[in-house]
Amino acid sequence: MRHVHQQQLAVQQRRQRSQLRRLLEVRGLVGGHRAPHRTVRLRTADGVRLAASYLPGPDAHAPAVVLVHGFAAHRRKPAYALLADILAGWVHVLSLDLRGHGRSEGLCTLGDLERFDVAAAIERLRHAGHRRVAVVGISMGATSLLHALADGCDVDAAVIVSAPARLGEIETDALAGLDDVWRTWWRRGAFRLLSGVRLVAPDAWRPFPHPHELAAKVDVPLLVVHGRDDHFFPPHHAETLHAAAAGPATLWLEPAGFGHAEDGITPAFAAALAQALHAVFDRGQFPARPGPGS
């Protein structure tokens with residue numbers, strides 16, 4: 001009952017967030033880390049300069065995690081900052097601003113060239129001496145993560161949250177609205193002015209394999225997390241990704257109230273994810289979801 005109450009409270013809080021508050025969050029005018037952190041700069045293989053935050057873990061021997069946000073977000077957005085802060089109690093965290101977002105350069109390519117962003121973050125952690133590295137990708141960040149892993153990036157485990165299994169299939173009103181913004185030049189420009197997100201134009205976008213095809217090349221332990229009430233991608237996307245994974249895969253279908261991407265990031269979920277990461281580093285496989293979300 002307590003878990004159900006927490007989910008209901010989360011839904012109510014999301015509904016109460018004003019459009020102004022959402023705009024302030026995406027512009028980076030509110031939010032930020034509370035845990036100790038420092039800003040680092042990365043350069044990708046294709047020459048894009050990225051901003052990131054490094055949050056040291058509890059001790060030098062702790063594993064490290066790359067945190068990759070979703071579309072129209074950034075590392076300082078409150079939900080992502082909260083997740084990074086809580087994970088830093090268990091692991092070292094490198095939280096990215098993907099290209100075209102936050103304080104990074106470049107244009108957003110919806111999961112294509114962002115694979116270089118993920119690769120640069122993984123390389124930075126490996127170069128710093130971290131022997132155990134996982135990546136958590138959320139929504140577009142999950143697609144970027146699968147793309148990077150299919151290209152051969154070296155990690156020990158991966159988590160994808162609210163990820164699509166196929167690209168170009170418009171099944172929901174929310175995704176139709178976002179697609180319309182992207183394909184209409186003046187809406188795309190207005191969106192950039194309001195949010196600061198710099199989107200590549202459709203005629204300059206390069207199609208790439210569907211995420212479920214990318215997952216078929218991922219043989220490391222994979223955790224697939226998805227809300228039953230995701231308003232962008234219905235739960236069958238998660239089931240398809242889970243079935244496609246080449247390595248050991250675990251599926252967490254979260255109950256109604258989780259929603260999509262950052263909507264589901266609560267202290268309770270962040271703590272459960274931290275424990276799951278601790279388990280996969282110890283045992284080589286993600287555990288089943290404890291409690292009502294299993």
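Strands β6 (157-161) and β7 (222-227) run parallel and are joined by 4 bridges; helices (H or I, at least four residues) and strands (E, at least two) are DSSP runs, numbered from the N terminus. Val161 stands opposite Val225 in β7. The model is predicted, and local features need pLDDT of at least 70, side-chain atom pairs count only at pLDDT 80 or more, and totals for chains, interfaces and linings use all residues. Residues are numbered from 1 along each chain as its sequence is written, and side-chain values use heavy atoms, with hydrogens and water left out.

Both strands belong to an open sheet of 8 strands with mixed pairing, in the order β1-β2-β4-β3-β5-β6-β7-β8; two strands pair if DSSP finds at least two bridges between them. At the edges stand β1 (38-43) and β8, each of which pairs on one side only.

Helix α9 packs on this sheet, touching β6, β7 and β8, where contact means heavy atoms within 4.5 Å. The direction of α9 makes about 170 degrees with that of β8; axes are lines fitted to C-alpha atoms, for helices over the stretch in contact, and angles run from 0 to 180 degrees between N-to-C directions. In α9 (residues 236-244), the buried residues (under 20% relative accessible area, 1.4 Å probe, protein chains only) are His237, Ala238 and Leu241. These residues fall within an arc of 95 degrees seen down the axis of α9, so they line one face of the helix; the arc is that of the directions from the helix axis to the C-beta atoms.

Ser162, in the loop between β6 and α6 (173-183), has a positive phi of about 55 degrees although it is not a glycine. Ser162 is buried, with a relative accessible area of 0%.

Technical notes. Buried < 20%, exposed > 50% of the residue type's maximum accessible area, 1.4 Å probe, protein only.
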